[in-house]
Amino acid sequence: MALLKLYNTETKKKEEVQQKKNPILLYTCGPTVYDFAHIGNFRTYVFEDFLKRTLLFLGYKVRHVMNITDLDDKTIRGANQKKISLQEYTEPFTKAFFEDLSLMRILLADAYPYATDYIGEIIAIIQDLLKKANAYIGNDGSVYFSLRSFPTYGRLSHLKLQELKEGASQRVCVDEYDKESASDFVLWKSYDEKRDGPIYWESPFGKGRPGWHMECSAMALKLLGNTIDIHCGGVDNIFPHHENEIAQSESYTREPFVRIWAHSAHLLVEQKKMSKSLGNFYTVRDLTKKGYGGREIRFLLMQVHYRMQLNFTLLGLDAARASLQRMKDFILRLRTEKKEGVFGKIKECLQEAERGFTTAVADDLNISSALSFLFDLIREVNTLFDQEQIGKKESQEILKFLERIDQVLGFLPLQEEVEAVPEEVQKAFEKRNQARAEKNWKDADFFRKLIQEKGYLVEDTPQGAVLKKREVE
Ligand code: AMP
Ligand code: ZN
């Protein structure tokens, strides 16, 4: 079996993911549910999904945890502005996130821990760090991590601790900051009534709440153990978030926290990072409202190697759509072929395509090379069609190959699209969920049947109900 080679941000080298009997432990930083995720966020989530699918395709087992950040500066601000509880505020965005995951054909993780469920674990780690003098209580009552106590701080983002020490006279109490402000960072924020309103937890170091970085450490250590095989995020997570995760986790466990750090480059709009703060973003639902499907968005996001920046345009999305349409026509041709063909030549082409595709994805997810093997195959098959060498049996073999590689790609148009849900179905879905919440089983049943008549299905999952289009043969 081919081993996956993956670029490690820390060592700046491609490294082999060692094959083990046990699953590969994968932790990916999840969404901050203070708003809808934009497609920049989804570039990172799709990259992580591509990585996971490649591991599975190559025969690895995977245990995947993605956290839900329902507790940070932004969610607290949002809840307090609306004068509602943190849970009431974050719930709709969490629900939307899971709907978008399904639309983007992202495989579900094994666990989605919520930061608010890990306060006990977080407090225990902070207590230990205080005991070991890796942390101290500042004069504002908050608990800070002491950079000086962790000599290899900066090794992920390749910053020199000495330079940081010179620049860092103060401490940072906010969750997000840049390299210029590198300094002792907050583990536990003491309560501030004006800022936090009714949102706080009791702890041995007083009322307050955890810093964002500490949350990921606590969830990763608890659910995956002291050493994780692969930890992912977007490049903006490298500093300070992941650098801080290393410092806290390793000070706590005294063991290496992560073997390979993998980060995806940004999705840009006119050469600027797509972000909420710049207002230059599209959410998945903005694009589905314009009539684009999840498959098209996924293809666009995956087309460029994950370590290269990708500039988003609607024209690019149209090109992705056109490309998928050509693939759809090709698949239809394969599906409807009835005559006898000649097997010899196509067998060779398929073996070559499979070898090439596998080698390409195993080499740090080299998508351009992987796709070139697919497109070469399509070209050759079309030539063989013209020579009347492709018949029913050959077409079935080609379709099987496409299904195999779609385990990795996840965007080939092998079934009907599930997106672009008609408004009446969406409304019936909402009414059905409401009826269920009110334990009105009769109405819930009525709306479920109505949804089915329109060609859709409702599936109840641990994350809530999801709407799916019934597969057509
Ligand atoms: P957040 O919800 O802000 O914590 O971000 C969730 C994930 O999306 C993180 O892994 C970020 O690194 C990533 N991310 C944010 N903006 C972009 C972007 N423009 N391109 C790619 N990834 C991004
Ligand atoms: Zn994280």
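How far does a polar side-chain atom of Asn41 lie from an oxygen atom of ligand 1? The separation is 3.0 Å. Hello everyone, and please keep in mind as we go that this is a predicted model.

Let's stay with the ligand for a while. Asn41 is one of several residues with polar atoms facing ligand 1 in this way. From Thr32 it is the backbone that takes part: one of its polar atoms is 3.0 Å from a ligand oxygen. Asn237 uses its side chain, where an N or O atom sits 2.8 Å from an oxygen of ligand 1. How much of the ligand does the protein bury? On its own, ligand 1 exposes 500 Å², and 92% of that is buried by the protein.

Now, where is that on the protein? Ligand 1 takes up the space of the second largest pocket. Two elements each give two or more residues to its shell, namely helix H1, spanning 39–57, and strand S10, spanning 228–234. Of these, H1 supplies the largest share, with four residues.

Around ligand 1 there are 16 residues, and the ones that come nearest are Thr44, Asp236, Asn237, Leu267 and Met274. So you have met Asn237 twice now: its side chain makes that 2.8 Å approach to a ligand oxygen, and Asn237 is also on the list of nearest residues. For those who like to think in chemical classes, the shell has nine polar, five nonpolar and two charged residues.

Leu267 takes us from the ligand to a sheet. This residue stands opposite Leu310, which is in S14. S12 covers residues 267–269, and two bridges join S12 to S14, with the two strands running parallel. The whole sheet is open and has three strands in the order S13-S12-S14, with mixed pairing. Strand S13 (272–273) and strand S14 (310–311) are the edges; each has a single partner strand, so one side of each has no neighbour in the sheet.

Before I finish, here are two spots in the backbone to look at on your screens. Which peptide bond is cis? That is the bond joining Phe239 and Pro240, with omega at about 0 degrees. Pro240 belongs to helix H8, residues 238–253.

The other spot is Arg105. Although Arg105 is not a glycine, its phi is positive, at about 60 degrees. You will find Arg105 in the loop between helix H3 (86–103) and helix H4 (119–131).

That's my tour, and thanks for listening!

Terms used: Residues numbered from 1 in each chain as written. Chains lettered and ligands numbered in written order. Predicted model: local features only at pLDDT ≥ 70, side-chain atom pairs only at ≥ 80, totals over all residues. Heavy atoms only, no water. Near = heavy atom within 4 Å. Polar contact = N/O pair within 3.5 Å; in protein donor to acceptor, adjacent residues only side chain to side chain. Areas by Shrake-Rupley, 256 points an atom, 1.4 Å probe, with all protein chains shown as cover. 1 Å grid on protein atoms, 1.4 Å probe; cavity = no way out; pocket = protein on both sides within 12 Å on 5 of 7 lines; lining within 4 Å. Sits in = over half its atoms within 2 Å of the grid points. Nonpolar A, V, L, I, M, F, W, Y, C, P; charged D, E, K, R; others polar. Pairing = 2+ DSSP bridges.
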